[in-house]
Amino acid sequence: MKTQKVRRKKDSIKADKRLKTKAKRLSVIVDEFLEVDIDRNKLSKDHEKTERLLNLLVDNLWEGKHSNTDFYWLYEDIPKSEIVSKCYERLSEFWAQFKRNLFDHREKILPLRAKLKSKEKSENIDSKIEEYSDNINDEQLYFISVKYHFEKQITVTFENDEIHFVQLGKDVVDAFIELINGLPASIFKKCKYENCKRCFILTSRHKKEFCCRNCASKWHQKQVQKTDPEGYRAYHRDYYQKRKELLKKRRMSSGENR
Ligand SMILES: [Zn+2]
């Protein structure tokens, strides 16, 4: 009995660790690949960036199990930048739909369910919610359409007595689905700064509301502007005054040196 309990605990720690590393891998892909603009033409001239993005994908989508050269034998005659652009195009198409569904579920369906539940308690269901009440608590299905351009190929190796399926034959969307499958939906976040709304992934328990520091400071500045406009103006007056003095000092000291 006891050993079973211990084993179960060990298993859950193991599963927890696995999810954590998956979330970290996903976070890199989201921050540096999916939530940025990648221009096909520019990329074809930027070998350094192409190389970096390709490595990023191999490491995080295919877990870096194979050297980069293995990645190419599947698409031998295609330039590297073209592979990256293709992956970007296919993943972005999937990502846009996936995000829309996830945030729709969180922002529309879940509040509706909560509303319904509280109404049920008070047994005072209004007609608008009643419309939904038949199926709102059922499992909500979402659909994502994906085109498959690449031919699927599965390769297996038996080196060192280990059966290993070469994952690089897997289409980029399949690899991505495998990566996010089973992850908690709550780790997908939208940047709180309204002019940004970039998506990012929570990789620790630490509460994070913004995609980057830049957005956080912009949001806080805006808050100050809203709640304390006089303080905001005073802060900026102060800032410009200080800057002016600093520039003046610099000019003077450079004049002295002449
Ligand atoms: Zn942001």
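## Exercises on a predicted single-chain model

The mean pLDDT of the chain in this predicted model is 81, and 78% of its residues reach 70 or more.

### Exercise 1. Architecture and confidence

Describe the order of the secondary-structure elements along the chain, and state which element has the lowest and which the highest mean pLDDT.

*Solution.* Begin with the inventory, which comprises 9 helices and 4 strands. Read from the N terminus, these elements follow the order α-α-α-α-α-α-β-β-α-β-β-α-α. Turning to confidence, helix α4, which covers residues 68-73, has the lowest mean pLDDT among the elements, at 50, whereas strand β4, residues 199-201, has the highest, at 96.

### Exercise 2. Burial and contacts over the whole chain

Determine what share of the residues counts as buried, and what share of the contacts between residues at least 6 apart in sequence joins residues at least 24 apart.

*Solution.* The chain has 258 residues, of which 30% count as buried. Its accessible surface comes to about 18,800 Å², and 50% of that area belongs to carbon and sulfur atoms. For the contacts, take those between residues at least 6 apart in sequence; of these, 63% join residues at least 24 apart.

### Exercise 3. Three residues and their surroundings

Classify threonine 50, tyrosine 193 and lysine 86 as buried, partly exposed or exposed, using 20% and 50% relative accessible area as the cut-offs.

*Solution.* Threonine 50, found in helix α3 (residues 47-61), is buried because its relative accessibility is 4%, which is under 20%. Once its neighbours within four places in sequence are set aside, threonine 50 is in contact with Leu43, Lys80, Ser81 and Val84.

Tyrosine 193 belongs to the loop between β3 (188-190) and β4, and with a relative accessibility of 10% this residue also counts as buried. Beyond four places in sequence, the contacts of tyrosine 193 are Phe210, Cys215, Lys218, Trp219 and Lys222. The C-alpha atoms of tyrosine 193 and cysteine 212 are 9.9 Å apart, while the two residues are 19 apart in sequence.

Lysine 86 is placed in helix α5 (residues 80-122), and its relative accessible area of 27% makes lysine 86 partly exposed, because that class lies between 20% and 50%. Between lysine 86 and arginine 40 there are 9.0 Å from C-alpha to C-alpha, although they are 46 residues apart in sequence.

### Exercise 4. A covered helix

Find how many residues of helix α7 (residues 172-180) are buried, and identify them.

*Solution.* Helix α7 is mostly covered, with 7 of its 9 residues buried. The buried residues are Val172, Val173, Asp174, Ala175, Phe176, Leu179 and Ile180. Just after α7, glycine 182 adopts a positive phi of about 90°.

### Exercise 5. Two pockets

Give the volume of the largest pocket and of the second largest pocket, and work out the classes of residue that line each of them.

*Solution.* The largest pocket has a volume of about 300 Å³. Its lining consists of Asp16, Leu19, Lys20, Ala23, Leu183, Pro184, Ser186, Ile187, Leu202, Thr203, Ser204 and Arg205, and these residues divide into 6 nonpolar, 3 polar and 3 charged.

The second largest pocket has a volume of about 250 Å³. Phe98, Asn101, Leu102, His105, Arg106, Leu110, Tyr142, Ile144, Ala185 and Ser186 form its lining, where the classes are 6 nonpolar, 3 polar and 1 charged. As a last step, compare the two lists: Ser186 appears in both linings.

Notes. Residues numbered from 1 in each chain as written. Predicted model: local features only at pLDDT ≥ 70, side-chain atom pairs only at ≥ 80, totals over all residues. Heavy atoms only, no water. 1 Å grid on protein atoms, 1.4 Å probe; cavity = no way out; pocket = protein on both sides within 12 Å on 5 of 7 lines; lining within 4 Å. Points joined across faces, edges and corners; volume = space filled by probe spheres on them. Nonpolar A, V, L, I, M, F, W, Y, C, P; charged D, E, K, R; others polar. Helix = DSSP H or I, 4+ residues; strand = E, 2+ residues; numbered from the N terminus. Buried < 20%, exposed > 50% of the residue type's maximum accessible area, 1.4 Å probe, protein only. Contact = heavy atoms within 4.5 Å. Areas by Shrake-Rupley, 256 points an atom, 1.4 Å probe, with all protein chains shown as cover. pLDDT = per-residue confidence, 0-100.
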